[in-house]
Amino acid sequence: MTRTENRALQFAGKVFLELSVDVLSKALQAGVLVEVHGEQDH
């Protein structure tokens, strides 16, 4: 991951963490956001 990609991901994370549960729920229902489930090998 490049430094630019890392900064962009950190920025996006900060923005999403500042959203309310209601706003996140509405974004998921509208298809603006998609919930991703990943596998963990730990």
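A good place to enter this structure is the pairing of D22 with K26: the two residues form a salt bridge in which the closest N and O atoms are 3.3 Å apart. The model is a predicted one, and the count of salt bridges in it comes to one. Side chains of opposite charge can pair when their charged atoms come close. With a cut-off of 4 Å between a side-chain nitrogen of Lys or Arg and a carboxyl oxygen of Asp or Glu, the contact between D22 and K26 qualifies because its closest N and O atoms are 3.3 Å apart.

Both partners belong to helix α2, which covers residues 21-30. D22 and K26 are four residues apart there, about one turn of the helix. As for their surroundings, D22 is partly exposed, its relative accessible area being 45%, while K26 counts as exposed at 52% relative accessibility.

Stepping back to the whole protein chain, the fold contains two helices and zero strands. The C-alpha trace spans about 30 × 25 × 15 Å along its principal axes. Of the 42 residues in the protein chain, 2% are buried. The protein chain exposes about 4300 Å², and carbon and sulfur atoms supply 57% of that area.

Charge rounds out the picture. The protein chain carries 4 positive and 6 negative side chains, and the centres of these two sets lie 16 Å apart. Among these charged residues are the two helix α2 partners, D22 and K26, joined by their salt bridge.

Technical notes: Residues numbered from 1 in each chain as written. Predicted model: local features only at pLDDT ≥ 70, side-chain atom pairs only at ≥ 80, totals over all residues. Heavy atoms only, no water. Buried < 20%, exposed > 50% of the residue type's maximum accessible area, 1.4 Å probe, protein only. Areas by Shrake-Rupley, 256 points an atom, 1.4 Å probe, with all protein chains shown as cover. Lys, Arg positive; Asp, Glu negative; His and termini not counted. Charge placed at Lys NZ, Arg CZ, Asp CG, Glu CD.
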